[in-house]
Amino acid sequence: MALAPHEQQLTPKIDALKVHRRDGFIEWIKGLLAVPFVLHAVQSSSASGADVKTSADARRRYAEIFFDVEKLVEDQILMQNAGTPELSRLSQLVPSVGVFFTKLPLEKAFYIEDERRSISHRRLVCPSFNDIRLILNTAQAIALAQGRSDLKLVTFDGDVTLYEDGKSLAADASVITRLLKLLKRDIYVGVVTAAGYNEESGDKYYDRLKGLIDAIKDSTSLTDEQKERFSVMGGESNYLFRFNVEKGGLKWIDQEEWLLDTMRAWNDADITSVLDLAELTLSDLQKKLNLPATVMRKHRAVGLNPNPGAKLTREQLEEVVLSTQKRLDQSSAAQRIQFCAFDGGSDVWVDIASKDLGVASLQKYFGGISPKQTLHIGDQFASVGSNDFKARLAGCTCWIANPDETVAILDDLMQYIEEDQAFR
């Protein structure tokens with residue numbers, strides 16, 4: 001992404017500073033930008049000329065920092081290629097930093113976002129987490145556009161990314177035209193969602209994505225081959241559906257065609273043991289915390305859902321996620337498979353497998369797409385309790401906050417691709 005996978009620590013850290021809801025790389029950049037904000041962005045004169053000079057000085061200082069970070073990322077990539085990422089300067093400065101799949105033109109991205117967000121013109125509010133998140137997103141879009149021929153797969157989370165939480169993708173959603181443009185460019189498009197429905201008809205996924213699936217079916221500009229580049233990976237990485245022209249909708253794909261070797265080696269008894277423990281743990285927490293919620297067991301998942309009309313607080317959701325994660329981490333069965341415990345915004349779920357495996361499965365299924373040829377867009381990237389987080393291990397990522405930001409980053413990506421092609 002703008003955020004390439006860089007958080008290696010995938011187990012929870014519990015402290016008063018809420019480390020589990022932080023991003024080490026963004027927080028580090030935020031700290032770097034605080035210095036020029038204090039020293040150069042605060043003016044003592046209200047004269048218009050002085051204000052222009054102050055803005056210019058702040059803009060230059062911020063840009064210099066992003067240029068320096070850009071070079072540190074390049075050094076990190078060199079160290080990764082040499083097999084010694086831990087020796088990079090960036091790893092020493094930000095120990096949680098992990099893998100970057102592309103270079104990030106951060107200086108250029110800063111100038112773009114500064115024009116949009118007036119970062120260097122602000123005098124009382126320093127560069128924020130969201131400023132940096134969006135700069136990273138823009139840098140990742142530019143990097144992928146510059147290597148247009150390499151971008152082969154774009155995957156998306158569902159809730160909050162393509163549509164509002166708990167809603168569905170309606171026919172008039174503005175993101176649909178952008179997704180069709182990706183398909184028109186022969187790019188594979190996948191929805192990698194935690195929603196897990198173990199039924200071969202795919203009807204429930206159609207209900208959630210009806211507007212998009214109908215648009216693909218009815219499109220006269222897409223070829224049959226382009227239409228069949230759309231897929232849905234459900235339950236993190238448990239059920240795969242692909243658009244089928246003959247059927248005019250989603251077709252179930254047998255696991256034998258896409259399952260990763262890592263997942264094939266999992267023992268059914270271990271999976272059952274993890275789900276049993278998760279169900280017991282969620283039930284215990286529901287009683288202990290007196291939560292107005294009900295535990296639900298599915299084929300490859302266990303969830304804690306609020307009762308009709310009830311709402312769980314953020315603190316309650318976090319307590320349940322962290323406690324469940326800690327309990328499962330102590331299980332020997334959980335050590336032999338992969339699972340994901342996450343806060344869905346209004347509920348908590350424990351799924352077998354995780355989104356990095358879901359993205360990696362699509363990469364394998366579609367002919368061996370590499371992480372640097374992949375972009376995952378999602379809203380859940382906090383270090384613990386967020387199920388998009390592990391997707392950083394499988395490809396480049398963009399961290400968005402709502403469906404409108406998804407539309408914006410796709411518009412940027414298309415624009416940068418077109419600009420890159422125009423100068424070839």
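**Exercise 1. Enclosed space**

Task: Determine how many cavities of 30 Å³ or more this predicted model holds, and describe the lining of the largest cavity.

Solution.
Step 1. Rolling a probe the size of a water molecule over the atoms reveals where empty space remains. In this predicted model, the structure contains 1 cavity of 30 Å³ or more.
Step 2. The volume of the largest cavity is about 50 Å³.
Step 3. Its lining is formed by Gly 158, Tyr 163, Val 191, Thr 193, Ala 195, Tyr 205, Arg 208 and Leu 209. Sorted by class, the lining of the largest cavity has 5 nonpolar, 2 polar and 1 charged residues.
Step 4. Helix α7 (residues 203-218) gives the most to this lining, with 3 residues.

**Exercise 2. The largest pocket**

Task: State the volume of the largest pocket, and establish which residues lie nearest its centre.

Solution.
Step 1. The largest pocket has a volume of about 620 Å³.
Step 2. Its lining is made of 26 residues, and those nearest the centre are Asp 159, Asp 165, Gly 344, Asp 347 and Trp 349.
Step 3. The elements giving two or more residues to the lining of the largest pocket are β7 and β9.
Step 4. The class division of this lining is 8 nonpolar, 10 polar and 8 charged.

**Exercise 3. The sheet of 4 strands**

Task: Give the strand order of the open sheet of 4 strands, and explain why one side of β6 and of β8 is left without a neighbour in the sheet.

Solution.
Step 1. The order is β6-β7-β9-β8, and the pairing is antiparallel.
Step 2. β6 (293-297) and β8 (339-343) are at the edges and have a single partner strand each, so one side of each is left without a neighbour in the sheet.
Step 3. From one strand to the next, the twist averages 15°.
Step 4. β6 and β7 run antiparallel and are joined by 5 bridges; within this pair, Met 296 stands opposite Gly 303 in β7. The connection from β6 to β7 is a hairpin through 3 residues.
Step 5. At the other edge, β8 and strand β9 (residues 348-352) run antiparallel and are likewise joined by 5 bridges. Here Phe 339 has Ile 352 of β9 as its bridge partner.
Step 6. Helix α11 (residues 314-329) lies across β7 (301-306), β8 and β9, and runs at about 165° to β8.

**Exercise 4. The sheet of 7 strands**

Task: Identify the edge strands of the open sheet of 7 strands, then analyse the pairing of β4 with β3 and with β5.

Solution.
Step 1. The strand order is β5-β4-β3-β2-β1-β10-β11, with mixed pairing.
Step 2. The edges are occupied by β5 and β11 (396-399); each has a single partner strand, so one side of each is left without a neighbour in the sheet.
Step 3. The twist averages 25° from one strand to the next.
Step 4. Strand β3 (residues 230-234) pairs with β4 in the antiparallel sense over 4 bridges. In this pairing, Ser 231 stands opposite Arg 242 of β4.
Step 5. Strand β4 (residues 239-244) also pairs with strand β5 (residues 249-253), in the antiparallel sense and over 5 bridges. Phe 243 has Leu 250 of β5 as its bridge partner.
Step 6. The hairpin of β4 and β5 has 4 residues between the strands, and Gly 248 there takes a positive phi near 75°.

**Exercise 5. A helix pair**

Task: Characterise the packing of helix α5 against helix α14 by the angle at which their axes cross, the handedness of the crossing and the residues in contact.

Solution.
Step 1. Two packed helices are described by the angle between their axes and by the distance between those axes.
Step 2. The axes of α5 (residues 129-146) and α14 (residues 403-422) come within 8 Å and cross at roughly 35°.
Step 3. The crossing of α5 past α14 is right-handed.
Step 4. From α5, the contact involves Arg 133, Leu 134, Asn 137, Thr 138, Ala 141, Ile 142, Leu 144, Ala 145 and Gln 146. From α14, the contributors are Glu 405, Ile 409, Asp 412, Leu 413, Tyr 416, Ile 417 and Asp 420.
Step 5. The contact of α5 with α14 comprises 9 nonpolar, 3 polar and 4 charged residues.

**Exercise 6. A loop residue**

Task: Locate Glu 86 and state which residues Glu 86 touches, not counting residues up to four places away in sequence.

Solution.
Step 1. Glu 86 lies in the loop between α2 (48-81) and α3 (89-93).
Step 2. With residues up to four places away in sequence not counted, Glu 86 touches Ser 91 and Gln 92.
Step 3. Glu 86 and Val 97 are separated by 11 residues in sequence and by 9.2 Å in space, C-alpha to C-alpha.

How values were computed. Residues numbered from 1 in each chain as written. Predicted model: local features only at pLDDT ≥ 70, side-chain atom pairs only at ≥ 80, totals over all residues. Heavy atoms only, no water. Axes fitted to C-alpha atoms, helices over the stretch in contact; angles between N-to-C directions. Left-handed = near helix turned anticlockwise from the far one by under 90°. Contact = heavy atoms within 4.5 Å. Nonpolar A, V, L, I, M, F, W, Y, C, P; charged D, E, K, R; others polar. 1 Å grid on protein atoms, 1.4 Å probe; cavity = no way out; pocket = protein on both sides within 12 Å on 5 of 7 lines; lining within 4 Å. Points joined across faces, edges and corners; volume = space filled by probe spheres on them. Pairing = 2+ DSSP bridges.
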